[in-house]
Amino acid sequence: MHTRKTHITWYPCSYTSMTDAALQNSSHLNTDPARLELFRMDTFEKRKTQIIIVGGGLTGLTLALMLERVNISYILLEAYPELTSPVGAAIGIFANGLRIMDQLGLLDEIEATGFEPVRHEVVDAESGKKVFELQIRGLAGYMRERHGYVAATLPRHGLLQIIERRLQKRSCLLTSKRVREIEQTDTRATVTCEDGSQYEAQMVVGCDGVRSTVRREMWRLAREASPGWFSKEQSR
């Protein structure tokens with residue numbers, strides 16, 4: 001979706017709002033090393049923070065680790081007091097996810113901490129009735145041969161701890177920072193938290209879950225930039 005000078009991209013697991021200036025410098029990050037070099041922190045002397053990550057869950061911490069590896073400056077804002085509190089159930093990682101973890105150097109620790117799943121079940125959340133079951137015990141050899149990796153299951157907070165321990169820029173991980181609103185100009189985005197603190201960067205990436213404040217603010221900015229283009233039902 002494009003609305004005047006604001007470029008909004010919607011991904012399945014995160015939401016990104018980019019200004020024109022940031023987009024011009026990052027449109028080929030994945031394919032062009034020269035473009036990536038333009039986006040490194042030492043290139044923008046007056047722009048100390050290039051990316052604000054909203055949300056310190058699995059997506060947010062993984063993104064933070066990726067940014068550190070390519071020397072892109074960031075601040076991570078987590079709404080809760082802790083990044084790796086022992087909440088949530090187990091999480092399963094299949095070949096596509098393990099490939100990313102391997103590239104980040106986390107595979108050995110994940111495999112040592114996790115265990116191979118033996119059965120996959122889908123259960124109705126309201127009734128508790130089993131909807132679907134798949135026996136996957138003994139498929140490790142087949143999965144490794146076909147996909148290169150074997151599925152791993154481990155506690156969610158255990159996976160968060162593995163990623164969090166690898167992060168070097170501890171001062172960039174800010175907790176108890178619940179985002180209230182986001183504003184932007186042609187060159188910068190400003191994030192305001194409920195405690196009144198403000199942070200500026202070239203880009204804001206929303207990794208704040210199903211009730212995403214970043215998503216809500218993106219739709220608000222889109223409606224303000226192009227009144228009548230988006231219905232309330234469409235922008236929920």
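This report walks through a predicted model, from the whole protein to one helix and one surface patch.

## The whole protein

Let's start with the overall picture. The protein has 236 residues, and 44% of them count as buried. Its secondary structure comprises eight helices and 14 strands.

How much of the contact between residues with a separation of 6 or more comes from those 24 or more positions apart? The share is 62%. On the outside, the protein exposes about 13,600 Å², with 52% of that area supplied by carbon and sulfur atoms.

## Helix α3

Now for a single helix. Helix α3 covers residues 58-69, twelve residues in total. At 1.5 Å a residue it should span 16 Å, and its end C-alpha atoms lie 17 Å apart, which agrees.

Which residues of α3 are buried? They are Gly60, Leu61, Thr62, Ala64, Leu65, Leu67 and Glu68. As for their partners, the buried residues of α3 pack against two strands, β4 (51-54) and β5 (74-77), and against two helices, α4 (95-103) and α7 (156-166). Just after α3 comes Asn71, which takes a positive phi of about 60°.

## A nonpolar patch on the surface

Finally, a look at the surface. Val122, Val131, Phe132 and Leu134 together make a nonpolar patch of about 340 Å². Strand β8, residues 130-135, gives the most to this patch, with three residues.

Val122 belongs to another element: this residue is found in strand β7, which runs over residues 119-123. Is Val122 buried or partly exposed? Val122 is partly exposed, because its relative accessible area is 37%, and the partly exposed range lies between 20% and 50%.

Terms used. Residues numbered from 1 in each chain as written. Predicted model: local features only at pLDDT ≥ 70, side-chain atom pairs only at ≥ 80, totals over all residues. Heavy atoms only, no water. Helix = DSSP H or I, 4+ residues; strand = E, 2+ residues; numbered from the N terminus. Expected span 1.5 Å × (residues − 1). Buried < 20%, exposed > 50% of the residue type's maximum accessible area, 1.4 Å probe, protein only. Contact = heavy atoms within 4.5 Å. Patch = residues over 30% accessible without salt bridge, like charges linked within 9 Å, V, L, I, M, F, W, Y side chains within 5 Å. Areas by Shrake-Rupley, 256 points an atom, 1.4 Å probe, with all protein chains shown as cover. Salt bridge = Lys/Arg side-chain N within 4 Å of Asp/Glu carboxyl O.
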